[in-house]
Amino acid sequence: MNMIKPLKMEFKDEFYKKLGEQAIIDKLQLIDEFETKYKPNTNSIAMKKWCTDYEYRKREWAFRQGIANLNERISR
């Protein structure tokens with residue numbers, strides 16, 4: 001039986017840090033304008049959560065890693 005060892009990876013939140021505080025503030029303002037003009041939807045809520053919640057970014061990263069690992073296992 002072929003056992004695949006999962007890669008040990010650690011969440012570092014580099015993309016958020018790379019964006020910078022002003023970019024995050026600008027994005028949140030755009031989200032607020034969108035939600036005022038239209039109404040909150042799944043995408044705007046998720047983006048706002050991503051901009052403001054470290055744990056949300058960590059869970060979202062872990063989800064993407066799981067998908068990538070699953071894809072790797074399927075393609076072998």
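1. A good place to start is the contact pattern: residues 24 or more positions apart account for 52% of the contacts in the protein chain with a separation of 6 or more, where contact means heavy atoms within 4.5 Å. Please keep in mind that this is a predicted model, in which local features need pLDDT of at least 70, side-chain atom pairs count only at pLDDT 80 or more, and totals for chains, interfaces and linings use all residues. Numbering runs from 1 along each chain as its sequence is written, and side-chain values use heavy atoms, with hydrogens and water left out.

2. On the overall fold, the protein chain has four helices and zero strands, in the order α-α-α-α. Helices here are DSSP runs (H or I, at least four residues) and strands likewise (E, at least two), numbered from the N terminus.

3. Of the 76 residues, 16% count as buried (under 20% relative accessible area, with exposed over 50%, 1.4 Å probe, protein chains only). The chain exposes about 6,800 Å², and carbon and sulfur atoms supply 57% of that area, by the Shrake-Rupley method with a 1.4 Å probe.

4. Helix α3 deserves a closer look: S44, W50 and C51 are buried within residues 42-52. Down the axis of α3, its buried residues fall within an arc of 125 degrees, so they line one face; the arc is taken from the directions from the helix axis to the C-beta atoms. Those buried residues pack against α1 (14-19), α2 (21-37) and α4 (54-75), while the face turned away carries exposed T42 and T52.

5. Finally, N41 caps the N-terminal end of α3, with a side-chain oxygen 3.0 Å from the backbone nitrogen of N43.

Methods
Polar contact = N/O pair within 3.5 Å; in protein donor to acceptor, adjacent residues only side chain to side chain.
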